[in-house]
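Welcome! Take a moment to turn the model around on your screen before reading on. The report below walks through it piece by piece.

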Amino acid sequence: MIRNISRYFFLQLLCAGFLLSACQPFAPPIDPQAQLPRQPDSWAQGQQTTQHTPTAWLEDFADPQLTNLVQEALQRNFALQAVAERIRSAQARAELAGAQRQPELDLDFSASRRQTLSANGQTTSNSFNLAGALSWEVDLWRRLAHSERAAIAELAASKNDYQAARLSLAAGIAQQWFLLNEAALQQQLAQRTEDSYLQSLQVIEQQYRSGLSSALDLRLARSNLATAQSNRNLRLRQYSERQKELETLLGRYPTGRLQGTARLPELSRQVPAGLPSQLLERRPDLLAAAQRLTAAQENFYAAQRNRLPIFRLTASGGTASEKLHQLLDWDNLVWSLAGSLVQPLLDGGRRAAEQDLSEAQLDEQVVSYAETALTAFREVETSLASEIYFKQQQAALSWATEESAAALLLAEDRYRQGLDDIITLLEAQRRAFVAESSLLITRRQRLENRLNLYLALGGPFAPPLPEEQP
């Protein structure tokens with residue numbers, strides 16, 4: 001009879017829960033692809049080439065010292081270590097969300113000794129208690145399952161944040177390394193320019209003493225030399241700043257002792273034609289955005305189901321005895337088993353607000369994901385187009401450097417012969433310096449653009465081999 005009543009009781013609870021759940025509509029899943037721009041099959045910009053694509057983007061620069069610096073930074077950079085610690089936090093949150101789906105068992109042991117006074121005198125008694133309690137929320141509506149999935153998606157997003165940070169740090173090291181070497185080359189150029197102006201000044205001073213040059217020529221030459229000395233000090237300061245910036249990224253104390261090679265590598269590999277846009281599927285920040293969108297969806301589903309009845313099973317049991325050795329006597333066992341179905345009725349609108357909040361966060365993640373994808377497309381297209389422009393610009397500046405150097409030799413010779421005035425010589429010197437300095441800047445910018453392309457693609461031109469995939 002008691003067993004039939006218990007079954008009838010649990011059936012009533014379940015029926016009530018299903019009836020109440022029918023009043024709570026569930027929103028359909030949100031398709032993020034509906035918010036995304038159409039992904040092209042291949043990029044609009046590209047170059048025809050038959051060369052083999054590199055398997056790792058550092059190989060493109062053929063600089064062993066740069067490779068060593070990148071490896072050092074990945075091991076010692078403090079900002080990267082902080083991102084790695086966030087993975088541990090996300091792992092703990094995922095484990096916490098999963099633990100809520102498991103039964104909870106508590107064991108309580110207590111012992112006491114009491115003395116009482118009565119007409120018959122003092123009475124001393126002992127009391128030993130051993131009790132256990134089991135509680136389990138039955139996840140009928142999969143609210144806890146959705147919360148766990150959201151935490152797991154956040155964990156995956158954190159891992160991709162770490163990969164994005166590693167890629168960004170490696171590119172940052174390469175960029176600072178190129179800036180350091182360009183600063184060294186600019187410093188050498190400034191020194192050569194100062195030496196050239198000094199030689200010109202010495203010639204003009206000799207001619208001035210002989211009456212062959214005017215005071216104007218002398219003062220213009222001195223002005224050029226002073227300007228060159230100022231520019232050399234500027235380059236020295238920039239080189240020192242680049243040293244300290246790179247040392248800080250490496251996790252070193254910024255002593256300014258790191259020396260560059262005063263060499264900018266030439267890009268021997270061209271961008272292969274027909275790069276598939278599917279390469280973006282490995283881009284860490286895009287993967288992280290997609291996983292955070294998944295987490296927002298799961299949190300939204302969990303918030304919806306949080307308004308449904310909560311079904312719990314509880315069980316407790318224990319023994320009590322005045323003697324410790326009788327504590328495990330099963331004749332003294334007392335136990336209970338209960339089930340409850342709780343439907344929230346009035347909560348001041350808290351659960352409705354939680355659902356509205358999760359819905360707004362979901363909409364925000366949809367827009368954020370679409371924006372991240374569109375930005376990725378733009379970055380790739382911009383870097384591919386700039387690759388062509390920088391190559392043409394470098395070729396033009398190389399030609400300008402050669403011609404201005406030859407023009408400077410002619411101007412110096414014609415000035416010594418008295419065929420041209422000082423203005424022509426100074427202008428030839430200025431043009432030669434500007435052309436060579438601009439060429440160094442363009443070469444470095446072209447290298448940085450290749451870095452930006454690797455960042456935009458999330459790695460090298462070729463997809464990872466099966467054994468290289470995580």
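A polar contact is a pair of N or O atoms within 3.5 Å; within protein, one of the two must be able to donate a hydrogen and the other to accept it, and residues adjacent in sequence count only if both atoms are side-chain atoms. Please keep in mind that this is a predicted model. With that idea in hand, a good place to begin is Arg235: its side chain and that of Gln238 are joined by a polar contact of 3.0 Å.

**Two arginines in helix H5**

Arg235 sits in helix H5, which covers residues 215-249. Which side chain of opposite charge is nearest to Arg235? That is Glu182, at 5.3 Å. A salt bridge needs a side-chain nitrogen of Lys or Arg within 4 Å of a carboxyl oxygen of Asp or Glu, and Arg235, although buried, has no salt bridge. Apart from neighbours within four places in sequence, Arg235 is in contact with Gln186, Gln187, Ala190 and Ser437.

Helix H5 also holds Arg242. Is Arg242 buried or partly exposed? With a relative accessibility of 24%, Arg242 counts as partly exposed. Its C-alpha atom is separated by 5.3 Å from that of Leu180, although the two residues are 62 residues apart along the chain. Not counting residues up to four places away in sequence, Arg242 touches Gln176, Leu179, Leu180 and Ala183.

**The chain as a whole**

Now let us step back. The secondary structure comes to eight helices and four strands. Following the sequence, their order is α-α-α-β-β-α-α-α-β-β-α-α. The chain has 470 residues, and 40% of them count as buried. Among contacts between residues at least 6 apart in sequence, 82% join residues at least 24 apart.

**Helix H3 and its two sides**

Helix H3 runs over residues 78-99. Its 22 residues reach 32 Å from the first C-alpha to the last, close to the 32 Å expected at 1.5 Å a residue. At the N-terminal end, H3 is capped by Asn77, with a side-chain oxygen of Asn77 lying 3.1 Å from the backbone nitrogen of Ala79.

Which residues of H3 are buried? They are Leu80, Val83, Ile87, Ala90, Ala94, Ala97 and Gly98. Looking down the axis of H3, these buried residues fall within an arc of 95°, so they line one face of the helix. They pack against helix H2 (64-76) and helix H4 (143-209). On the other side of H3, the exposed residues are Phe78, Arg88, Arg93, Glu95 and Leu96.

**Helix H6 and Ala289**

Helix H6 spans residues 284-305 and contains Ala289. The 22 residues of H6 should span 32 Å at 1.5 Å a residue, and the end C-alpha atoms are indeed 32 Å apart. How many of the residues of H6 are buried? The count is 16 of the 22, so H6 is largely enclosed by the rest of the structure.

Ala289 is buried, its relative accessible area being 10%. Leaving aside neighbours within four places in sequence, Ala289 is in contact with Gln365, Tyr369 and Thr372. Between Ala289 and Asn160 there are 9.2 Å in space, C-alpha to C-alpha, while they are 129 residues apart in sequence.

**Salt bridges**

Side chains of opposite charge can pair when their charged atoms come close. The structure holds 23 salt bridges. The table lists some of them, with the distance between N and O atoms.

| Salt bridge | N to O distance |
|---|---|
| Asp63 and Arg263 | 3.9 Å |
| Arg143 and Glu137 | 2.5 Å |
| Arg283 and Asp285 | 2.7 Å |

Where do the partners in the pair of Asp63 and Arg263 lie? Asp63 is in the loop between helix H1 (2-21) and H2, and Arg263 is in the loop between H5 and H6, so the pair links distant parts of the chain, 200 residues apart. Asp63 counts as buried at 5% relative accessibility, whereas Arg263, at 38%, counts as partly exposed.

In the second pair, Arg143 is buried with a relative accessible area of 16%, and Glu137 is buried with a value of 16%. In the third, Arg283 is buried at 5%, while Asp285 is partly exposed at 28%. Elsewhere, Asp60, Glu387 and Arg450 are joined into one network by salt bridges that share partners.

Notes
Residues numbered from 1 in each chain as written. Predicted model: local features only at pLDDT ≥ 70, side-chain atom pairs only at ≥ 80, totals over all residues. Heavy atoms only, no water. Buried < 20%, exposed > 50% of the residue type's maximum accessible area, 1.4 Å probe, protein only. Lys, Arg positive; Asp, Glu negative; His and termini not counted. Contact = heavy atoms within 4.5 Å. Expected span 1.5 Å × (residues − 1). Arc of directions from axis to C-beta.
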